[in-house]
Amino acid sequence: MKSISILLIAISFFSCNEKEKSKILATNTIVVVKTFEEKLAVAAISIVDPTISYDPSYFSIKYPNGDIPKNKGVCTDVIIRAYRKLGIDLQKEVHEDMKANFSQYPNLKKWGMTKTDTNIDHRRVPNLEILFERKGIKLPVSENAKEYKTGEIVTWMINGKLPHIGIITNKKSYDGERNLIVHNVGHGQVLQDCLFSYKIVGHFKYGK
């Protein structure tokens with residue numbers, strides 16, 4: 001009976017207008033709708049796979065919705081693959097914003113590029129940082145673990161030279177103090193307690 005009640009609430013919820021939805025949420029303790037950030041965290045966890053080979057090679061891929069071989073990837077591919085599960089194609093979003101605002105991106109200075117490249121632009125951490133800052137929300141960088149919440153993005157600089165990126169989940173470290181992160185730093189797409197393992201340089205929220 002409980003499962004039937006949950007189903008009826010869900011059906012009722014999705015068929016209602018916003019005012020009616022508010023009444024349902026106010027009178028039922030069962031909430032069946034997740035926030036975008038919660039969905040992103042679930043998507044990130046769903047692609048955890050330590051067997052994926054770390055491969056920063058240049059690949060020619062289709063556009064839009066192109067991806068490198070499924071058994072390969074780097075840190076940015078974690079982000080791209082998780083967002084794709086929610087219908088957001090970062091390859092397309094980076095390309096379109098970069099094409100319209102090329103000077104705002106570090107391509108020319110960092111890689112000597114004079115035009116966009118849909119094969120690689122979205123697979124570079126600095127470009128994702130620019131997109132997230134321009135189109136999303138740039139959040140404070142701090143040493144307070146409580147400020148890093150489910151579904152947010154964190155970027156690091158490893159050893160002062162290697163940009164890195166990951167998705168914050170709702171899973172907690174053994175001591176309960178930090179949210180675990182899905183990332184790939186060379187050991188596959190993994191879920192780890194690594195928030196303060198490297199120097200944090202960026203903190204963002206990006207989604208619908």
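N107 is buried in this predicted model, with a relative accessible area of 0%, and this residue belongs to helix α6, which covers residues 107-111. Beyond N107, the briefing turns to the packing of two helices, to the cysteines, and to some backbone features in loops.

**The surroundings of N107**

- Leaving aside residues up to four places away in sequence, N107 is in contact with M98, F102, G112, M113, D121, R124 and N127.
- Two of these partners also take part in the helix contact described next, since M98 is listed there on the side of α5 and N127 on the side of α7.

**Helices α5 and α7**

- Helix α5, made of residues 90-100, packs against helix α7, made of residues 125-135, at an angle of about 75°, and the axes of the two helices are 10 Å apart.
- Because angles from 65 to 115 degrees count as roughly perpendicular, α5 and α7 are described as roughly perpendicular to each other.
- On the α5 side the contact involves L90, E93, V94, D97 and M98, which meet N127, L128, L131, F132, R134 and K135 of α7.
- Sorted by class, the residues of this contact between α5 and α7 comprise six nonpolar, one polar and four charged.

**Cysteines**

- The model has zero disulfides by the distance rule applied here, a disulfide being a pair of cysteine sulfur atoms within 2.5 Å.
- C75 is buried, with a relative accessible area of 4%, and C194 is likewise buried, with a value of 2%.

**Backbone features in loops**

- Most residues other than glycine have a negative phi, and most peptide bonds are trans.
- The peptide bond that leads from Y63 to P64 is cis, with omega near -5°, and P64 is located in the loop that runs between strand β1 (53-54) and strand β2 (72-73).
- N65, which is also found in the loop between β1 and β2, has a positive phi near 55° even though this residue is not a glycine.
- The side of N65 that faces solvent can be put in figures, as this residue is partly exposed, with a relative accessible area of 43%.
- N159 is another non-glycine residue with a positive phi, here about 55°, and N159 sits in the loop between strand β4 (153-158) and strand β5 (162-172).
- With a relative accessible area of 71%, N159 is classed as exposed, because exposed means over 50%.

Notes. Residues numbered from 1 in each chain as written. Predicted model: local features only at pLDDT ≥ 70, side-chain atom pairs only at ≥ 80, totals over all residues. Heavy atoms only, no water. Helix = DSSP H or I, 4+ residues; strand = E, 2+ residues; numbered from the N terminus. Buried < 20%, exposed > 50% of the residue type's maximum accessible area, 1.4 Å probe, protein only. Contact = heavy atoms within 4.5 Å. Axes fitted to C-alpha atoms, helices over the stretch in contact; angles between N-to-C directions. Parallel < 35°, antiparallel > 145°, perpendicular 65-115°, else oblique. Nonpolar A, V, L, I, M, F, W, Y, C, P; charged D, E, K, R; others polar.
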